[in-house]
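User: Please take a close look at one part of this structure, a single residue and what surrounds it. Some background on the whole chain would help as well.

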Amino acid sequence: MNKIVYVFKGGRKETLENNSIEAKEFYYGLTRFQENKFNTSIIELDKKNPSIFNIFYIADKILYKISNLPFFSSKFLTFENIKILKNADVVFLVNESIAISSLPYLIFNKSKNYMFAMGIFSRETKNKLINKIQKSIMKVLFKHLEKVIFLGQPEYKQACISFPKLKNKFEFLPFAIDHEFWSESEESVKKDKIIFVGNDTNRNIDLLIEISRKLPDKNFIFVTSLIKENKNLPKNITLINSSWHNSYLTDSELKKLYLQSKLSLVPLKNTIQPSGQSVTLQSMSMGVPVMISETKGFWDIHNFFDEKNIVFIKNNDADEWVNKINNYYDAKEKLDSIAKNSRKTVISNYKIETFYNKLIEIINN
């Protein structure tokens, strides 16, 4: 294993080159490979818009229309990127968009290619023909990958059911975080806020705003780019329009917001896609108890216990959320117990070193 290449959509290369990384979880093991002196490279999608005469651009448009799958081959398969990939021994494709866009390369390459999956089964439509085309493309994709690494257990199980002949290619490896960075500070900070962090479309923003309206005496911090600033929000909300990619808020600044928070809310739509993993684990590692919707896509149910290290909201309506928040907000002993158990859960199961060691096992088998 001489040369390892990571392919990201964007947002990492510049940070690495400037040596300005704070929390390391969104590099999916890359920083550990670097620390262990592996020869690594990064590819990111080309920011420039491709020519409309680019054959891959035309193919992208057609394939998206008939499959509802994200194709960006015209931004991925540049001469520079192909040159880097040609010399790679191991390639990590960091989401399904990247992997699907790499299909023309995968069919002819000689490297060992791995995909991190976190939502590949969430693009079904009401059109049966489109769904059949989707499944056919996914089958071709999986066949040309060494392993598909699922970050959520329900998606892993769904893959084994949908593609039983390929299940030896599937691995479940839960997302992990930089627990050393996301740790409580010794400084004394008043914890009186309720925080929400998240930008993926499976966050239930309407429910979140309704919850805040029903709790006018509580102060909320929303860190998201999903809410427009001109939206008529209740006065008890502080909106910070930020996402991981726009760097409006640094990890250190987000950490300070967690330190001010008594609860972390993760209201979700009920999909199979693993959603809220990073925020949940960051909060738990910071000792901030998490309330989260109980969904069919919850990524690793075996290590989470309701009212022990997390609080599940089963019915997912505003009144249930409000009741739970009111029951816990001033219950210091309950919150302290959950916070303590939360931190232990992260350290035992979801730290970067554990993720990296499992990744090494996967690529060496």
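The part in question is Ser293: is this residue buried or exposed, and what is it in contact with beyond its neighbours within four places in sequence?

Analyst: This is a predicted model, and the answer begins with Ser293 before turning to the chain around it.

Ser293 belongs to strand 11, which covers residues 290-293. Its relative accessibility is 1%, and because buried means under 20%, Ser293 counts as buried. The side chain of Ser293 comes to 2.8 Å from the backbone nitrogen of Leu268. Leu268 is also one of the residues in contact with Ser293 once neighbours within four places in sequence are left aside; the others are Val266, Pro267, Ile313, Asn316 and Trp321.

As for the background, the protein chain contains 15 helices and twelve strands. Of its 365 residues, 56% count as buried. Contacts between residues at least 6 apart in sequence join residues at least 24 apart in 70% of cases. The radius of gyration is 21 Å, which agrees with the value near 21 Å for a compact globule of 365 residues. Along the principal axes, the C-alpha atoms fill a box of roughly 60 × 50 × 40 Å. The chain exposes about 18,000 Å², with 49% supplied by carbon and sulfur atoms. Its side chains include 53 positive and 40 negative ones, and the centres of these two sets are 7 Å apart.

Methods
Residues are numbered from 1 along each chain as its sequence is written. This is a predicted model: local features need pLDDT of at least 70, side-chain atom pairs count only at pLDDT 80 or more; totals for chains, interfaces and linings use all residues. Side-chain values use heavy atoms; hydrogens and water are left out. Helices (H or I, at least four residues) and strands (E, at least two) are DSSP runs, numbered from the N terminus. The radius of gyration is taken over C-alpha atoms; the globule rule is 2.2 Å times the number of residues to the power 0.38. Buried means under 20% relative accessible area, exposed over 50%, partly exposed in between (1.4 Å probe, protein chains only). Contact means heavy atoms within 4.5 Å. Accessible areas come from the Shrake-Rupley method with a 1.4 Å probe; for residues, only the protein chains shown count as cover. Lys and Arg count as positive and Asp and Glu as negative; His and the chain ends are not counted. The place of a charge is taken as NZ of Lys, CZ of Arg, CG of Asp or CD of Glu. A polar contact is a pair of N or O atoms within 3.5 Å; within protein, one must be able to donate a hydrogen and the other to accept it, and residues adjacent in sequence count only if both atoms are side-chain atoms.
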